[in-house]
Amino acid sequence: MILFESGGVVALLLLGFWIWALLDCISTDSGMCRNLPKGVWLLIVLVLPDIGSLAWLLLGRPEKAHWRPGSTDYRTPRRPVGPEDHPRYSAAAGVTDRKSKELDAALDRWESDKREEREAELDRREAEVRRRELELRERELERRERNLNDD
């Protein structure tokens, strides 16, 4: 008994799906149908109700169509949401001119500190390169003197 009741529900669902696919196929603009012309899709959905409806849904229906039959209002992709899109966003945020000047001054101090550190590091590296270069020249001079003395 339960088997017949569930079969009836499935049959009713398949009938509803077929009617939806048929109406969607009829109301969809012929230029929007994919893979086959609209008339062929209509024929497939009419002749093969279950398979045709599924094929229409997967292969013939416009890609980003809404769920309503024949709907052409495609879902637009969501743009990234920034802080200014939040309802509590205020254009007059907590940054005032005075606060902005303070932040600029702090940034300038930080940049000058970093600049001094970088310059000190570069000076140290240059001194190291000069020391190595001087050592190499001294070794080269010693080698040449030995070669002259040996000859």
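A salt bridge is here a side-chain nitrogen of Lys or Arg lying within 4 Å of a carboxyl oxygen of Asp or Glu. By this criterion E135 forms a salt bridge with R131, with 2.6 Å between the closest N and O atoms. The model in which this pair is found is a predicted one, and a search of the whole structure returns 12 salt bridges.

The overall organisation of the chain is considered before these pairs are taken up in detail. The secondary structure consists of four helices and zero strands, so that the order of elements from the N terminus is α-α-α-α. Of the 151 residues of the chain, 13% count as buried. Among contacts between residues at least 6 apart in sequence, 53% join residues that are at least 24 apart.

Helix α2, which spans residues 38-47, packs against α3 at an angle of about 145 degrees, and the axes of the two helices are 6 Å apart. On the α2 side the contact is formed by W41, I44, V45, L46 and V47, which meet P49, G52, S53, A55, W56, L59 and G60 of α3. By residue type, the contact of α2 with α3 is made up of nine nonpolar and three polar residues, with no charged residue taking part.

Several of these residues recur in the largest nonpolar core, which has eight members, namely A21, L22, C25, C33, W41, V45, A55 and W56. At least two residues of this core come from each of α1, α2 and α3, and α1 makes the greatest contribution, with three residues. Among the core residues, A21 is found in helix α1 and has a relative accessibility of 0%, so it counts as buried, the limit for that class being under 20%. When residues up to four places away in sequence are not counted, A21 touches V45, S53 and W56. For A55, with neighbours within four places in sequence likewise left aside, the contacts are with W41 and G60.

A link between α1 and a later part of the chain is provided by R61, which forms a salt bridge with D24, the closest N and O atoms being 2.5 Å apart. This pair joins distant parts of the chain, since R61 lies in the loop between α3 (49-60) and α4 (97-150) whereas D24 belongs to helix α1 (residues 2-27), and the two are 37 residues apart. The side chains of R61 and D24 are also joined by a polar contact of 2.5 Å. Both partners are buried, because the relative accessibility is 8% for R61 and 1% for D24, each under the 20% limit. R61 can also be placed relative to the core residue A21, as the C-alpha atoms of A21 and R61 are separated by 9.2 Å although the two residues are 40 apart along the chain.

The salt bridges of α4 have another setting. E135 and R131 both lie in helix α4 and are four residues apart, which is about one turn of the helix. The side chain of E135 also meets that of R139 in a salt bridge, with an N to O distance of 3.8 Å. R139 and E135 are separated by about one helical turn because they are four residues apart in helix α4. These pairs belong to a network of salt bridges in which E128, R131, R132, E135 and R139 are linked. With a relative accessibility of 29%, E135 counts as partly exposed, and R131, with a relative accessible area of 40%, is likewise partly exposed. Both values therefore fall between the limits of 20% for buried and 50% for exposed residues.

A local feature of the backbone remains to be described. N35, which lies in the loop between α1 and α2, has a positive phi of about 70 degrees although it is not a glycine. Most residues other than glycine have a negative phi. N35 has a relative accessible area of 62% and is therefore exposed, a class that requires over 50%.

Terms used: Residues numbered from 1 in each chain as written. Predicted model: local features only at pLDDT ≥ 70, side-chain atom pairs only at ≥ 80, totals over all residues. Heavy atoms only, no water. Buried < 20%, exposed > 50% of the residue type's maximum accessible area, 1.4 Å probe, protein only. Axes fitted to C-alpha atoms, helices over the stretch in contact; angles between N-to-C directions. Contact = heavy atoms within 4.5 Å. Nonpolar A, V, L, I, M, F, W, Y, C, P; charged D, E, K, R; others polar. Core = buried A, V, L, I, M, F, W, Y, C linked by side-chain atoms within 4.5 Å. Polar contact = N/O pair within 3.5 Å; in protein donor to acceptor, adjacent residues only side chain to side chain.
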